[in-house]
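Open your viewer, get the chain on screen, and keep the selection tool handy. We'll go stop by stop, picking something and looking at what is there.

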Amino acid sequence: SEETKEWKDTDTVIDYLELLRKSGMKITKVNFTDLNDIYMTYDNRIEIHMGRMSDESNGVTAWKKIQLAKKSLDAEDKENPEQKGTLNMTISKKAYFKAETDVIPQEETTHN
């Protein structure tokens, strides 16, 4: 039934939050609206696109994925603790960081 599904999701979310807490990562925001497409914010400055928390078919548990994100963010923090950007974790066993400075601002066009 729909009710049990909701409870299951709640448990899942609680499990994920527990793993995040355990990881020691400074996650300031989480968006669990779609459990197949999860977003988080790290330290109010880096958007993490997790996608699915785990990819069991590839042997990637939620904990492994969090550890990979942490490793990637720790490396970024070492280089530049103020860095803003996005971390894409949607591809299994990969972490792609894109610094905000890499994003070229759109030229503003004025129509007279």
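A salt bridge, for this tour, is a side-chain nitrogen of Lys or Arg within 4 Å of a carboxyl oxygen of Asp or Glu. Keep that in mind and select Arg45 and Asp77: their side chains meet in a salt bridge, 2.6 Å from N to O. This pair links distant parts of the chain, with Arg45 in the loop between S2 and S3, Asp77 in helix H2 (residues 62–79), and the two positions 32 residues apart. The H and S labels are DSSP runs numbered from the N terminus: helices (H or I) have at least four residues and strands (E) at least two.

Before the next stop, some ground rules. You're looking at a predicted model, where local features need pLDDT of at least 70, side-chain atom pairs count only at pLDDT 80 or more, and totals for chains, interfaces and linings use all residues. Residues are numbered from 1 along each chain as its sequence is written, and side-chain values use heavy atoms, with hydrogens and water left out.

**Stop 1: the whole chain**

Switch to cartoon view. You should find 2 helices and 5 strands, and walking along the sequence gives you the pattern α-β-β-β-α-β-β. Now colour by pLDDT, the predictor's confidence in each residue, from 0 to 100. The mean for the protein chain is 90, and 88% of its residues reach 70 or more. Confidence is lowest in H1, at a mean of 87, and highest in S2, at 98. Where pLDDT is low, don't read the predicted coordinates in detail.

Turn on the surface next. The protein chain exposes about 8100 Å², and carbon and sulfur atoms supply 49% of that; such areas come from the Shrake-Rupley method with a 1.4 Å probe, and for residues only the protein chains shown count as cover. How much of the chain is buried? Buried residues make up 29% of the 112 residues, where buried means under 20% relative accessible area, exposed over 50%, and partly exposed in between (1.4 Å probe, protein chains only).

**Stop 2: more salt bridges**

The structure holds 5 salt bridges. Go back to Arg45 and Asp77 and check how covered they are: Arg45 counts as buried at 13% relative accessibility, and Asp77 is buried too, at 19%.

Now add Asp43 and Lys26 to your selection. They form a salt bridge, with the closest N and O atoms 2.8 Å apart. Asp43 lies in the loop between strand S2 (38–42) and strand S3 (46–51), and Lys26 in the loop between H1 and strand S1 (27–31), so this pair ties together parts that are 17 residues apart in sequence. With those four selected, you have a network of salt bridges on screen: Lys26, Asp43, Arg45 and Asp77.

Next, pick Glu18 and Arg21, whose side chains meet in a salt bridge at 2.8 Å, N to O. They are 3 residues apart in helix H1 (residues 2–23), so about one helical turn separates them. Glu18 is partly exposed at 38% relative accessibility, while Arg21 is exposed at 58%.

**Stop 3: helix H2**

Select H2. It has 18 residues and reaches 26 Å from its first C-alpha to its last, close to the 26 Å expected at 1.5 Å a residue; the expected span is 1.5 Å times one less than the number of residues. Which residues of H2 are buried? They are Ala62, Lys65, Ile66, Ala69, Ser72, Leu73, Glu76 and Asp77. Look down the axis of H2: these buried residues fall within an arc of 140°, so they line one face of the helix. That arc is taken from the directions from the helix axis to the C-beta atoms. On the other side of H2, Lys71, Lys78 and Glu79 are exposed.

Zoom in on Ile66, which is buried with a relative accessible area of 0%. Contact means heavy atoms within 4.5 Å. Leaving aside neighbours within four places in sequence, Ile66 is in contact with Tyr16, Leu19, Leu20, Ser23, Met25, Met50 and Met53. Ile66 and Tyr16 are 50 residues apart in sequence, yet their C-alpha atoms are 9.3 Å apart in space.

Slide along to Ser72, buried at 15%. Outside its neighbours within four places in sequence, Ser72 is in contact with Leu87 and Ala95.

**Stop 4: a loop**

Finish at Asn58, in the loop between S3 and H2. Asn58 is partly exposed, at 39%. Leaving aside neighbours within four places in sequence, Asn58 is in contact with Ser92 and Lys93.
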